[in-house]
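Work through the exercises below with the sequence and the coordinates open. Each task is followed by a solution in steps.

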Amino acid sequence: MPKDQKECFSGSKGCKDELLISKAILQECKSRKKNLCVAWIDYQKAFDRVPHSWIIKSLELIGINNKVISFIKKALSYWRTRMRLHTENKLIETDDIKIKCGVFQGDSLLPLLFCICLIPLTEQLNRLNTGYEEYTTKTKMSHQL
């Protein structure tokens, strides 16, 4: 996993770590009188919005073993749901509805798949070679996920 995705590392506090880093950067900019532009993006219902086709493409882009990709493709192909309406007199039920987007929360593999789907974005942002350079360590940071 890229270093920019802090939630994927053992001992990381995820958002708490990211907020502390952001606070430190803001304080440094203020004390050194440096301009800084910051954008926050809130992925509303993010786990629900990842197309299964992008999950597979992301796995291919980062070079995951083809057997693993085939397994995940097969597993995703089985995801279905039905809608039921209980009335006073009867039960109305739809045919199977194929789920083509999203990952289930609560499953240990699927949040990892979500993080993998962000790797191409991380790589593109890092290729731009822009960002904030921390004064003492000279570490450059363009984004946090």
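Helices (H or I, at least four residues) and strands (E, at least two) are DSSP runs, numbered from the N terminus. The model is predicted, so that local features need pLDDT of at least 70 and side-chain atom pairs count only at pLDDT 80 or more, while totals for chains, interfaces and linings use all residues. Residues are numbered from 1 along each chain as its sequence is written, and side-chain values use heavy atoms, with hydrogens and water left out.

**Exercise 1. Determine how many helices and strands the protein chain has, and in which pattern they follow.**

Step 1. A count of the runs gives five helices and six strands in the protein chain.
Step 2. Read along the sequence, these runs give α-α-α-β-β-β-β-α-α-β-β.

**Exercise 2. Set the radius of gyration of the protein chain against that of a compact globule.**

Step 1. The radius is taken over C-alpha atoms, and the globule rule is 2.2 Å times the number of residues to the power 0.38.
Step 2. For 145 residues a compact globule would come out near 15 Å, but the protein chain has 21 Å.
Step 3. Along its principal axes, the C-alpha trace spans about 70 × 40 × 25 Å.
Step 4. For a pair of residues, take Ser53 and Lys23: they are 30 residues apart in sequence, and their C-alpha atoms are 37 Å apart in space.

**Exercise 3. Find what share of the residues in the protein chain is buried, and how the contacts are spread over sequence separation.**

Step 1. Buried means under 20% relative accessible area, exposed over 50%, and partly exposed in between (1.4 Å probe, protein chains only).
Step 2. By this rule, 26% of the 145 residues are buried.
Step 3. Contact means heavy atoms within 4.5 Å.
Step 4. Of the contacts with a separation of 6 or more, 51% join residues 24 or more positions apart.

**Exercise 4. Ser58 and Ser53 both belong to helix H2. Which is buried and which is exposed?**

Step 1. H2 covers residues 52-61.
Step 2. Ser58 has a relative accessible area of 0%, so it is buried.
Step 3. Outside its neighbours within four places in sequence, Ser58 is in contact with Ile116, Cys117 and Pro120.
Step 4. Ser53 has a relative accessible area of 59% and is therefore exposed.

**Exercise 5. Describe the largest nonpolar core and the elements that give residues to it.**

Step 1. A nonpolar core is a set of buried Ala, Val, Leu, Ile, Met, Phe, Trp, Tyr and Cys residues joined through side-chain atoms within 4.5 Å.
Step 2. The largest such core has 19 residues, and Ile55, Leu59 and Phe114 have the most contacts inside it.
Step 3. Two or more residues of this core come from each of H2, helix H3 (66-77) and helix H4 (110-117).
Step 4. H4 gives the most, with five residues.
Step 5. Leaving aside its neighbours within four places in sequence, Phe114 is in contact with Ala46, Phe47, Val50 and Val103.

**Exercise 6. Locate Lys33 and Asn129, two residues other than glycine with a positive phi.**

Step 1. Phi of Lys33 is near 55°, and Lys33 lies in the loop between helix H1 (15-32) and H2.
Step 2. Lys33 is exposed, because its relative accessible area is 75%.
Step 3. Phi of Asn129 is also near 55°, and this residue lies in the loop between helix H5 (119-127) and strand E5 (132-133).
Step 4. Asn129 has a relative accessible area of 55%, so Asn129 is exposed.
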